[in-house]
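Open the model in your viewer and keep the selection panel at hand. Each stop below names something to pick and then says what is there.

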Amino acid sequence: SINGLSCDECPRGRSANGIDVTKCTDCDMGEFANKPGSAACQPCSGERWTSGTASPSCDICNDGFYVANTKKGRGKSREKGKL
């Protein structure tokens, strides 16, 4: 407790870096925080991606699908051969 205030940990998919201690920040697309109380979001690696912000994990495309926009792991999967 600090001056009668309590510190709560951020939920999965969000982080707090210690600069602005009044809020948790959603992880950006292509990033994740898989543990409560994360100080920073981590980038998805390789063929993994997120479908939105505040993700607790990265997804991987099933066989026959790929990530349409791989910039920083962003994008939605589309069936191969179809636009």
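Select Cys44 and Cys58: a disulfide joins the two, with the sulfur atoms 2.0 Å apart. Keep in mind that this is a predicted model. Look along the S-S bond of Cys44 and Cys58; the torsion is -90°, and the link is left-handed. Now colour by strand. Cys44 sits in the loop between β4 and β5 (48-49), and Cys58 in the loop between β5 and β6 (59-60), so the bond ties together parts that lie 14 residues apart in sequence. Turn on the surface: Cys44 and Cys58 are both buried.

**The other disulfides**

How many disulfides does the structure hold? There are three.

Go to Cys27 and Cys41 next. A disulfide joins this pair, S to S 2.1 Å. The torsion about the S-S bond of Cys27 and Cys41 is about -85°, so this disulfide is left-handed. Cys27 belongs to the loop between β2 and β3 (31-32), while Cys41 belongs to the loop between β3 and β4; the pair therefore ties together parts 14 residues apart in sequence. Cys27 is buried, and Cys41 is too.

Move to Cys10 and Cys24. Here a disulfide spans 2.1 Å from S to S. About the S-S bond of Cys10 and Cys24 the torsion is about -95°, so the disulfide is left-handed. Cys10 lies in the segment before β1 and Cys24 in the loop between β1 and β2 (25-26), so this pair ties together parts that are 14 residues apart in sequence. Check Cys10 on the surface: its relative accessibility is 4%, and it counts as buried.

Show the bonded cysteines together. Which pairing do they follow when numbered in sequence order? The pairing is 1-2, 3-4, 5-6.

**Two further cysteines**

Select Cys7. Is it buried or exposed? Cys7 is exposed, because its relative accessible area is 65%, over the 50% cut-off. Then select Cys61. At 18% relative accessibility, Cys61 counts as buried, since the cut-off is under 20%.

**Strand β1: Ser15**

Pick Ser15, in strand β1 (residues 14-15). Ser15 has 10% relative accessibility and so counts as buried. What does Ser15 contact, leaving aside neighbours within four places in sequence? Highlight Cys10, Cys24, Thr25, Ser38, Ala39, Ala40 and Cys41. Two of these names are familiar: Cys10 and Cys24 are joined by a disulfide. Cys41 is familiar as well, as the disulfide partner of Cys27.

**Strand β4: Gln42**

Step on to Gln42, in strand β4 (residues 42-43). At 41% relative accessibility, Gln42 counts as partly exposed. Gln42 touches Gly30, Glu31 and Phe32, not counting residues up to four places away in sequence. Now draw a C-alpha to C-alpha distance from Gln42 to Gly13. The two are 29 residues apart in sequence and 9.9 Å apart in space.

**Last stop: the largest pocket**

Where does the largest pocket have its centre? The residues closest to the centre are Ser6, Cys7, Asp8, Val21 and Thr22, out of 14 that line the pocket. Select those five and zoom in. About 310 Å³ of space lies in this pocket. Colour the lining of the largest pocket by residue class: seven residues are nonpolar, three polar and four charged. Cys7, the exposed cysteine from earlier, is among the residues closest to the pocket centre.

Key
Residues numbered from 1 in each chain as written. Predicted model: local features only at pLDDT ≥ 70, side-chain atom pairs only at ≥ 80, totals over all residues. Heavy atoms only, no water. Helix = DSSP H or I, 4+ residues; strand = E, 2+ residues; numbered from the N terminus. Buried < 20%, exposed > 50% of the residue type's maximum accessible area, 1.4 Å probe, protein only. Contact = heavy atoms within 4.5 Å. Disulfide = S-S within 2.5 Å. 1 Å grid on protein atoms, 1.4 Å probe; cavity = no way out; pocket = protein on both sides within 12 Å on 5 of 7 lines; lining within 4 Å. Points joined across faces, edges and corners; volume = space filled by probe spheres on them. Nonpolar A, V, L, I, M, F, W, Y, C, P; charged D, E, K, R; others polar.
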